[in-house]
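Subject: Handing over the model

Dear colleague,

I am passing the structure below on to you, together with an account of what was found in it. Please read the notes with the model open beside them.

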Amino acid sequence: MEKAIKKYFPVFIIPTLAAFAIGFIVPFIEGLYLSFCQFTTISNAKWVGLANYRHALTDASFGHAFGYTVLFAVVSILFINIGGLGLALLLTRKLKGTNIFRTIFFMPNLIGGIVLGYIWQILINCLLTIVGKPLLQLNTAAGYWGMIVLMCWQQIGYMMIIYIAGLQNVPDDILEAAAIDGASAVKTFFLVKLPMIMPSITICVFLTLTNSFKLFDQNLALTGGAPNHMTEMLALNIYNTFYARAGLQWKGFGQGKAVIFCILVIVISLIQLKATRSKEVQA
């Protein structure tokens with residue numbers, strides 16, 4: 001059996017590697033090369049060195065989008081993970097109807113971001129009209145909190161499922177020992193359950209971190225960066241640089257921003273993974 005697996009292993013792995021190379025590695029290398037060029041297509045690319053990166057790093061709109069994205073990511077990570085863990089704790093108490101509630105809370109994750117963005121744009125604008133406030137297109141604060149609410153509504157249910165799996169894997173004998181020792185529910189949560197579910201926290205924080213930084217479709221549909229690009233996040237800023245302006249230089253500027261964006265997400269994600277994994281304990 002082992003010999004057969006070794007013999008036919010390439011048959012199964014080569015198509016996957018080929019698809020990965022064609023769909024990811026080759027476009028990534030081409031994109032990296034184009035970030036040093038002025039171009040409209042790959043065939044007419046002109047090498048300009050670090051000019052695109054210098055422009056990206058001195059672009060005020062890109063700096064604002066980065067700060068806005070960081071602020072959005074910090075708040076959304078906190079709300080989504082606290083909300084997801086809170087729901088997981090409630091739905092692991094063996095109450096009636098928990099499976100129905102799990103399904104209901106998870107369902108928003110199945111709806112596309114563009115659709116959610118337009119739905120919430122209508123809902124929030126209706127609410128703002130009722131209370132006599134400016135609409136999303138003229139209201140920076142409403143745009144920010146609208147995206148926070150949208151992101152939480154879409155992702156809390158998904159993180160809840162991961163936290164439920166983590167809580168269900170906490171050994172019963174450890175919980176029983178804590179109860180015998182007289183630990184309260186609060187102490188049991190912070191001193192027993194929380195350390196034991198750190199792998200789930202690592203996964204959920206990683207997902208919410210990367211999803212927050214990569215957020216595009218919801219941002220485009222809900223606010224479109226309005227008013228005056230004040231609610232424009234990094235992905236939308238790159239899109240607008242690349243597609244919304246004519247001229248050879250703008251494609252290169254947008255590609256340079258995309259490479260910087262990719263490096264930022266990788267570095268921040270690796271730092272987060274290292275920080276949270278160091279807190280994990282063995283069951």
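Which element gives the most to the lining of the largest pocket? In this predicted model that element is α8, which contributes four residues. The pocket has a volume of about 590 Å³, and its lining is made up of 18 residues, with L89, T92, R93, L175 and K193 lying nearest the centre. Two or more lining residues come from each of α4, α6 (140–168), α7 (172–180) and α8 (185–196).

As for the overall layout, the protein has twelve helices and two strands, and from the N terminus the order is one helix, then the two strands, then the remaining helices. The C-alpha trace spans about 70 × 70 × 30 Å along its principal axes, and 40% of the 283 residues are buried. Of the contacts between residues at least 6 apart in sequence, 70% join residues that are at least 24 apart.

One pair of positions may help you to find your way around: L95 and Q137 are separated by 42 residues in sequence and by 43 Å in space, taken from C-alpha to C-alpha. L95 itself sits in the loop between α3 (60–90) and α4 (98–106), and it counts as exposed because its relative accessibility is 51%, where the cut-off for that class is over 50%.

Turning to charged side chains, the structure holds one salt bridge, in which K257 and D59 meet at 2.6 Å, N to O. Because K257 belongs to helix α12 (residues 248–277) while D59 lies in the loop between α2 (51–58) and α3, the pair ties together parts that are 198 residues apart in sequence. Both K257 and D59 are buried.

K257 also enters the description of E232, a residue in the loop between α10 (217–222) and α11 (234–243). E232 is buried yet has no salt bridge, and K257, the nearest side chain of opposite charge, is 6.7 Å away, whereas a salt bridge would require a distance within 4 Å. What the side chain of E232 does have is a polar contact of 2.8 Å with the side chain of N237, and another polar contact, of 2.6 Å, with the side chain of N240. Once its neighbours within four places in sequence are set aside, the residues in contact with E232 are A65, Y68, N219, G225, N237 and N240.

The loop that holds E232 deserves a look at its backbone as well. Most residues other than glycine have a negative phi, and most peptide bonds are trans. Against that background, A226 and P227 are joined by a cis peptide bond, with omega at about 0°, and P227 is placed in the loop between α10 and α11. N228, found in that loop too, is not a glycine and yet has a positive phi of about 55°; with a relative accessibility of 66%, N228 counts as exposed. H229, likewise in the loop between α10 and α11, has a phi near 65°, again a positive value in a residue other than glycine, and its relative accessible area of 43% makes H229 partly exposed.

With best wishes

Technical notes
Residues numbered from 1 in each chain as written. Predicted model: local features only at pLDDT ≥ 70, side-chain atom pairs only at ≥ 80, totals over all residues. Heavy atoms only, no water. Buried < 20%, exposed > 50% of the residue type's maximum accessible area, 1.4 Å probe, protein only. Lys, Arg positive; Asp, Glu negative; His and termini not counted. Polar contact = N/O pair within 3.5 Å; in protein donor to acceptor, adjacent residues only side chain to side chain. Contact = heavy atoms within 4.5 Å. 1 Å grid on protein atoms, 1.4 Å probe; cavity = no way out; pocket = protein on both sides within 12 Å on 5 of 7 lines; lining within 4 Å. Points joined across faces, edges and corners; volume = space filled by probe spheres on them.
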